[in-house]
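Colleague: Pick one part of this model and take a close look at it. Start from sulfur pairing, then work outward through whatever packs around it.

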Amino acid sequence: MATELAYRDDAYAREIAARVIAATPEGIVLDRTNFYARAGGQPGDLGALRWAGGEMAVADTLKGPEDTVLHLPAPGAALPPVGAEVTAILDWPRRHRLMRMHTTLHLLCSLIPGAGVTGGQIGADKSRLDFDLPDPPTKDALTEGLNALIAANHPVTERWISEEELDANPGLVRTLSVQPPRGSGRIRLVRIGPEEAPVDLQPCGGTHVRATGEIGRVEVAKIENKGRANRRVSIVLVGE
């Protein structure tokens, strides 16, 4: 039984009710979850599962077999009974920072058009993208550009297209190291800005804020040379 990804409908759902489908030390499977499973450079969510008479700390969240999500118990934690009704509770401050960071990386892509993304990692304290780019803009130019896009408070929305539509528009895919997951017949597109003139539009399965103004001020902390034409751009959230 596949896990319903409740965060796809509402990335701001801090707590949801769910039922335990399976429970082993390798992970708890729920019928639905608000926890993001580690993928695409975004870490798995942390938090807790709470049920009548017990609580389990979630130390990580991973993809499981057959489209399930595994909520990894912290060492020594009690496991919920199979069939139990639980409340899935996110570590919301951490998740929200990851959402702000992830959305900022999309904005970073928009400031470096035409360069393929060769790698990336989202973190609560620092995030980065690697670009196939011999001559990147300066730190100051990118910092100024990012904060202007954030201040404009562009809406962040999503829609679904078919795999055939994506094949007909290969330029939508910026990442060279990670391709959008296939097999379901549809691909989720995340758009920043208006539909008629998006700031950024690309396939993504992660979680994002509703509007760029929610990100707050950011800074490009470092631009590193990681090869002949590979430049790593690291960003941080400022004032926190």
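Modeller: First, the cut-off: a disulfide is a pair of cysteine sulfur atoms within 2.5 Å. Keep in mind that this is a predicted model. With that cut-off, a search of the whole structure finds 0 disulfides.

Take Cys109. For its sulfur, the closest cysteine sulfur belongs to Cys204, at 9.7 Å. That is too far for a bond, because the limit is 2.5 Å. The search from the other end agrees: the closest cysteine sulfur to that of Cys204 is in Cys109, again at 9.7 Å. Are these two cysteines buried or exposed? Cys109 has 4% relative accessibility, so it counts as buried. Cys204 has 13%, and therefore counts as buried too.

Now the helix. α1 covers residues 92-111, 20 residues in total. From first C-alpha to last, α1 reaches 29 Å. The expected figure at 1.5 Å a residue is 28 Å, and the two are close. How much of α1 is covered? Mostly: 17 of its 20 residues are buried.

What does α1 pack against? Start with the sheet. Three strands form an open sheet, ordered β11-β12-β13, with antiparallel pairing. At its edges sit β11 (156-162) and β13 (200-203), each paired on one side only. On average, and ignoring direction, neighbouring strands here are turned by 25° against each other. One pairing can be followed residue by residue. β12, residues 186-192, pairs with β13 over 4 bridges in the antiparallel sense. There, Val190 stands opposite Gln202 of β13. α1 packs on this sheet and touches β11, β12 and β13. The direction of α1 makes about 115° with that of β13.

α1 also belongs to the core. In soluble globular proteins, nonpolar side chains tend to be buried together. Here the largest nonpolar core has 48 residues. Leu30, Leu49, Leu108 and Phe131 touch the most other members. The element that gives the most to this core is α1, with 8 residues.

Next, the second helix. α2 runs over residues 139-151, 13 residues. Those should span 18 Å at 1.5 Å a residue, and the end C-alpha atoms are 18 Å apart, so expectation and model agree. Which residues of α2 are buried? They are Leu142, Thr143, Gly145, Leu146, Asn147, Leu149 and Ile150. Their cover includes α1, β14 (218-225) and β15 (230-237). Just after α2 comes Asn153, with a positive phi of about 55°. Asn153 is not a glycine, yet its phi is positive. The residue sits in the loop between α2 and β11. With a relative accessible area of 43%, Asn153 is therefore partly exposed.

Back to the core, at Leu49. Leaving aside neighbours within four places in sequence, Leu49 contacts Ile28, Leu30, Gly54, Glu55, Met56, Val58, His71, Thr87 and Ala88. Among those partners, follow Thr87. Thr87 lies in strand β8, residues 85-90. Its relative accessibility is 28%, so Thr87 counts as partly exposed. Beyond four places in sequence, Thr87 touches Glu15, Ile16, Ala48, Leu49 and Arg50. How far is Thr87 from Glu55? The two are 32 residues apart in sequence, and 9.3 Å apart C-alpha to C-alpha.

One loop deserves a stop: the one between β6 (54-63) and β7 (69-73), where Thr68 has its place. Asp67 lies in that loop as well. Are they buried or exposed? Thr68, at 10% relative accessibility, counts as buried, because the cut-off is under 20%. Asp67 has 62%, so it counts as exposed, the limit being over 50%. What covers Thr68 from farther along the chain? Its contacts, not counting neighbours within four places, are Met1, Ala2, Thr3, Val29, Leu62 and Lys63. Asp67 also has a positive phi, near 60°, and is not a glycine.

To sum up the starting point: Cys109 and Cys204 are both buried, but their sulfurs are 9.7 Å apart, too far for a bond.

Terms used. Residues are numbered from 1 along each chain as its sequence is written. This is a predicted model: local features need pLDDT of at least 70, side-chain atom pairs count only at pLDDT 80 or more; totals for chains, interfaces and linings use all residues. Side-chain values use heavy atoms; hydrogens and water are left out. The expected span of a helix is 1.5 Å times one less than its number of residues. Buried means under 20% relative accessible area, exposed over 50%, partly exposed in between (1.4 Å probe, protein chains only). Contact means heavy atoms within 4.5 Å. A nonpolar core is a set of buried Ala, Val, Leu, Ile, Met, Phe, Trp, Tyr and Cys residues joined through side-chain atoms within 4.5 Å. Two strands pair if DSSP finds at least two bridges between them. Axes are lines fitted to C-alpha atoms, for helices over the stretch in contact, and angles run from 0 to 180 degrees between N-to-C directions.
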